[in-house]
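Me: I'm new to reading protein structures, and I'd like a close look at just one part of this one. Could you pick out a single helix and walk me through it?

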Amino acid sequence: MTTYAPAPAAAPRSRRVLAQARGELGATLRNGEQLLLTLIIPLGLLVALSRTTLVRVGDGASIDTVAPGILALAVLSTAFTSQAISTGFERRYGVLKLLGATPLSRADLVFAKTLAVLAVEAVQVMAITTVGYALGWRPPLSAWPAAVLLLLLGTYAFSALGLLMAGALRPEATLAAANAVFLVLLLAGGTVVPLDSMPTGLAVV
């Protein structure tokens with residue numbers, strides 16, 4: 001027997017997660033500050049540090065040391081800093097509370113945020129690799145599987161820290177702390193400039 005009674009139900013989980021991931025990605029791409037943090041700064045540092053003679057970066061060609069460091073910086077900026085700040089202000093403005101009233105579960109939301117981060121990182125990797133190749137970077141193909149694994153592990157670790165910070169601190173404190181951690185790791189954490197290329201005292205700290 002045919003029935004025309006309404007049968008409301010939540011969309012399948014995969015559709016919910018993908019829809020939220022698209023929303024997260026769109027919000028990131030529309031945000032000028034996020035683009036500055038995730039693309040402009042890493043690419044600018046890649047060009048500047050590979051061409052400068054003021055800072056010694058490694059023993060060989062500078063680009064061979066700088067490019068992997070910039071890839072690590074891209075993960076840090078996207079998975080940690082950008083995600084911590086955006087999630088912190090989503091919490092402030094009640095976005096997370098509104099999402100809690102939808103069929104999207106907490107695990108779905110985290111999964112969707114992770115997919116959006118990975119999509120941004122894919123763009124970053126392509127852009128950094130392209131510019132790096134133009135500057136003379138020639139990494140061996142055998143190194144890429146380990147590099148991809150490290151990028152994924154770094155994404156997992158920094159995403160967890162970013163979400164923890166966004167959930168534990170006020171948005172303003174998250175903004176300040178996330179940017180401070182980014183700058184410390186950029187300038188003195190061995191992320192871009194290896195520790196053995198820094199002054200002895202700073203390297204020890």
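**A close look at helix α5**

Reply: Let's start inside the helix. In α5, the buried residues are D108, L109, A112, K113, A116, V117, V120, E121, Q124, I128, T129 and G132. Keep in mind that this is a predicted model.

What lies over those buried residues? The cover includes α1 (13-30), α2 (32-51), α3 (62-92), α4 (95-99) and α6.

Now for the helix as a whole. Helix α5 spans residues 106-134, which is 29 residues. From its first C-alpha to its last it reaches 42 Å, close to the 42 Å expected at 1.5 Å a residue. Just after α5 comes G136, which takes a positive phi of about 105 degrees.

Next, look at the surface. L118, V148 and L152 make a nonpolar patch of about 230 Å². One of these, V148, is found in helix α6, which covers residues 144-168. Is V148 buried or exposed? Neither label fits: V148 counts as partly exposed because its relative accessibility is 41%, and partly exposed is the class between under 20% and over 50%.

Finally, step back to the chain around α5. The chain has eight helices and zero strands. Of its 205 residues, 36% count as buried. Contacts also link distant parts of the sequence: among those between residues at least 6 apart, 78% join residues at least 24 apart. The accessible surface of the chain comes to about 11800 Å², and 70% of that belongs to carbon and sulfur atoms.

Technical notes. Residues are numbered from 1 along each chain as its sequence is written. This is a predicted model: local features need pLDDT of at least 70, side-chain atom pairs count only at pLDDT 80 or more; totals for chains, interfaces and linings use all residues. Side-chain values use heavy atoms; hydrogens and water are left out. Patches are made of residues with over 30% relative accessible area and no salt bridge: like charges are joined within 9 Å, nonpolar side chains (Val, Leu, Ile, Met, Phe, Trp, Tyr) within 5 Å. Accessible areas come from the Shrake-Rupley method with a 1.4 Å probe; for residues, only the protein chains shown count as cover. A salt bridge is a side-chain nitrogen of Lys or Arg within 4 Å of a carboxyl oxygen of Asp or Glu. Helices (H or I, at least four residues) and strands (E, at least two) are DSSP runs, numbered from the N terminus. Buried means under 20% relative accessible area, exposed over 50%, partly exposed in between (1.4 Å probe, protein chains only). The expected span of a helix is 1.5 Å times one less than its number of residues. Contact means heavy atoms within 4.5 Å.
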